[in-house]
Amino acid sequence: MTEKRALFIIFGGSGDLAQRKLYPALYGLYYQGRLAKHFAVIGTARRPWTDDHYHDIIKQSLVGAPGSAHQKTEFAEHFYYQSHDVTDAAHYVTLRDLAEKLDKQYALDGNRVFYMAMAPRFFATIAEHVKSEQLLSAKGFNRLIVEKPFGRDFATAKQLNDDISQAFSEEQIYRIDHYLGKEMVQDIMPLRFANPLLGHAWSKDFIDNIQITLAEDIGVEERAGYYETAGALRDMVQNHIFQIIAMLTMEKPARYDAASIHAAKRAVLSAIKPYTPTQVHDKFVRGQYLGGDDIGLSYREEDNIASDSTVETYVAGRVDIDNDRWRGVPIYIRTGKRLKAKQSRIDIVFKPTSDNILPTVNDTHVAPNVLTLIIEPETGMHLTLNGKEIGTSDAVSPFTLDHALDQDELAKAPEAYQRLMLNILDGNKLTFTHWAELAASWHFIDAIRTVWDNDKADGLAFYNSGTMGPQQADDLLARDHRQWIWQGDTTK
Ligand SMILES: NC(=O)c1ccc[n+]([C@@H]2O[C@H](COP(=O)([O-])OP(=O)(O)OC[C@H]3O[C@@H](n4cnc5c(N)ncnc54)[C@H](OP(=O)(O)O)[C@@H]3O)[C@@H](O)[C@H]2O)c1
C-alpha cells in the first residue's frame, strides 16, 4: 500500500460535515496506512480556535474509531487551524504562506486538495480567491472538492460551474454525490457487466419496470432552513436518484475508467426528456408529512418551517428513457421523510413468463422475478425466482435467494466518504459527477419544479407520518397496472 502525499485545505473546518464525515474519513485512511507521515490538514472557519483546541475537536470526532489514543493524537497533530473569513482576500495570503510551509515540512510534493465543506453560496468566492491569491500549487496536483447542492436549478448550477471553472479545469473538479461511494451502488457495474445472466436480460425485452426508493423515517430535524429552500426533489432526486438511474441504465462503458463511465452516463441521461406541464401532472406526485400523537409534529409545525409551507417532503414519479434499450420501461422513483421505515433500495422487476404451462397456487399468475439491491441500512441483495411448492403440490411458488454482504468484511470496508477521499487522492473521478450529468438532471428537475412552483399548494398531497407516503403514489403505479414492490417491511 503506497502512502499518499497531500495537503488538505478544508473550508468549513469547524462544521458538521467536517467533524462527522471528513475527519473520520481521513483517519480511516491514516489507520490503513494510506496516509502516514506525508500529509497535513488546514481547517479554516471564522471562529477563533487554537491548534490545540482543533486537535481536541479532531480527537472527539474519532470517538469509537479503532486505534489507540496515541495513534489518534499523532493523527490530530497533522491538523492546523486558521481563523479565516472566506470572503476576505487577505486571509488567503496567510493561508498560502501556511500551505507553503507545511508543504516543505511534510514533503507533500505540492499536492493540494481544496475541500469546500461550506454553504454553496461561498463556493465561487473560494475558488476565485484560491486562484487570485496563488494558492494553486505549481508542482503537484490541485483538486477542488464541491459538496452538494450543486446549484438550485440549471441556471444557478451553470453559473456555479462557470465560476469555479475560472480557476479549476473539469479534470480538477470533484463534485461529490456520496451515494456513488456506497457499497451497493458500486456493485451495480459488476452485477451488470460481469454476469452475462443478468447482462443479457438488462433491457426492455426482459425488464418490466425499475423501482428506486430512498426512504427516511426521520423528519426534517435540524435542516429546516436549508430544506425550506430545497424540498425533496432538489435534495434527493436531482442528485442521488438520477445518479442511481444513470448507473442502472447506462450502456456498457468502453473501458473501466472515469471518462468512459461519464460518457455512458451522460448519454443515457440525455435520453431522459424533460416533461411538459401535462406530463408533470400525470407522472409526478409530491407530498408533505402530517403529524400526530406519538408520531411527532407535522412538517408545517416544525421549527423554522412556514406554517403554510408548500415544500414537498415526498416525491414519487415515473421517469422514461427514450432510447432503444429502455423505451417503454418505466423507472418509478420515490423518496420521502417520516416514512414507515428507513431504507434505500432498488427493485428491478422482470417481465413475468408469458406462456406458463405450470399449475400455480389458486390459479394466480406466476410471480415476476425481482432483483432487489438494498443500499442501506442493511447491505445486500435478493433475487426472487419461482420454484415448485414443497410437498405433493406441483404448483409454482416464489422463493428468494438472499445475499447479505458479509458483516465482518463490511465492517472493514470504508465508509462512503473514506472511499471518496481515497479516490480524490488517487485522482480517480469514477465516483464523482461530471458537469454534463448534472446539467441533464437539472433540465429534467427544472421542468417539474416550474409546474409545482406555479401550482403552489394545488396538488400537494398530505400523508401521515409512519406510512409509505400519499395514496397518489400508489395510484401512479396502479394506473400502469403495477404496484410498489416494497411496502415498508424492513425484513424484505
Ligand atoms: N452535514 C452533512 O451531513 C452534509 C451532508 C452532505 C452535504 N453537506 C454539505 O456540506 C456543506 C457543509 O455543510 P455542514 O453541515 O458542515 O454546514 P455547517 O455545519 O453549517 O458548517 C459550515 C462551516 O462554514 C464555516 N463558515 C460559515 N461562514 C463562513 C465564512 N464567511 N468564512 C469562513 N467560514 C465560514 C462555519 O464555521 P464558522 O461559523 O466558525 O465560520 C462552519 O465551519 C454544505 O454544502 C452541505 O450542503 C453536508
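The exercises below work through a predicted model, taking up its sheets, its ligand site and its unusual backbone geometry.

**Exercise 1. Determine the strand order of the seven-stranded sheet, and state which strands form its edges.**

Solution. Begin with the order, which reads β3-β2-β1-β4-β5-β6-β15 in an open sheet with mixed pairing. Next, look for strands that pair on one side only: these are β3, residues 79-83, and β15, residues 432-433. Then examine the β15 end, where β6, spanning residues 173-176, pairs with β15 in the antiparallel sense over two bridges. At the level of residues, Ile 176 has Phe 432 of β15 as its bridge partner. Finally, add the helix that lies across this sheet: α14, residues 416-426, crosses β1, β2, β4, β5, β6 and β15, and runs at about 120° to β1.

**Exercise 2. Describe the shell of residues around the ligand, and identify the polar contacts that the ligand's oxygen atoms make with Gly 12, Gly 15 and Arg 46.**

Solution. Start with the shell, which holds 21 residues, those coming nearest being Ser 14, Asp 16, Arg 20, Arg 46 and Arg 47. Sorting the shell by class gives nine nonpolar, five polar and seven charged residues. Asking next which element supplies the largest share leads to helix α1, residues 16-31, with three residues.

For the contacts, take the two glycines and then the arginine, using a cut-off of 3.5 Å between N or O atoms. A backbone N or O atom of Gly 12 is 3.4 Å from a ligand oxygen, while for a backbone N or O atom of Gly 15 the distance to a ligand oxygen is 3.0 Å. In Arg 46 a side-chain N or O atom takes part, at 2.7 Å from an oxygen atom of the ligand. As a last step, consider the ligand's surface: taken alone it exposes 880 Å², and the protein buries 76% of that.

**Exercise 3. Lay out the nine-stranded sheet, explain why its edges lack a neighbour on one side, and place the helices α15 and α16 against it.**

Solution. The order is β14-β13-β12-β11-β7-β10-β9-β8-β16, again an open sheet with mixed pairing. The edge strands β14 (396-404) and β16 (460-464) each have a single partner strand, so one side of each remains without a neighbour in the sheet. From one strand to the next, the twist averages 20°.

Within this sheet, β12 (residues 370-376) and β13 (residues 380-388) run antiparallel and are joined by five bridges; in this pair, Ile 374 stands opposite Gly 380 of β13. Turning to the helices, α15, residues 435-455, packs on the sheet by touching β8 and β9, with its direction at about 60° to that of β8. Helix α16, residues 471-478, touches β7, β8, β9, β10 and β16, and its direction makes about 10° with that of β9.

**Exercise 4. Find the cis peptide bonds at Pro 149 and Pro 377 and the positive phi at Gln 134, and assign each of these residues to its loop.**

Solution. Recall the general expectation first: most peptide bonds are trans, and most residues other than glycine have a negative phi. Against this, Lys 148 and Pro 149 are joined by a cis peptide bond with omega about 0°, and Pro 149 is in the loop between β5 and α6. A cis peptide bond likewise joins Glu 376 and Pro 377, with omega about 5°, and Pro 377 is placed in the loop between β12 and β13. The last case is Gln 134, whose phi is near 60°, a positive value in a residue other than glycine; Gln 134 is found in the loop between α5 and β5.

Key
Residues are numbered from 1 along each chain as its sequence is written. This is a predicted model: local features need pLDDT of at least 70, side-chain atom pairs count only at pLDDT 80 or more; totals for chains, interfaces and linings use all residues. Side-chain values use heavy atoms; hydrogens and water are left out. Two strands pair if DSSP finds at least two bridges between them. Helices (H or I, at least four residues) and strands (E, at least two) are DSSP runs, numbered from the N terminus. Contact means heavy atoms within 4.5 Å. Axes are lines fitted to C-alpha atoms, for helices over the stretch in contact, and angles run from 0 to 180 degrees between N-to-C directions. A residue is near a molecule or strand if one of its heavy atoms lies within 4 Å of it. A polar contact is a pair of N or O atoms within 3.5 Å; within protein, one must be able to donate a hydrogen and the other to accept it, and residues adjacent in sequence count only if both atoms are side-chain atoms. Accessible areas come from the Shrake-Rupley method with a 1.4 Å probe; for residues, only the protein chains shown count as cover. Ala, Val, Leu, Ile, Met, Phe, Trp, Tyr, Cys and Pro count as nonpolar, Asp, Glu, Lys and Arg as charged, and the others, Gly among them, as polar.
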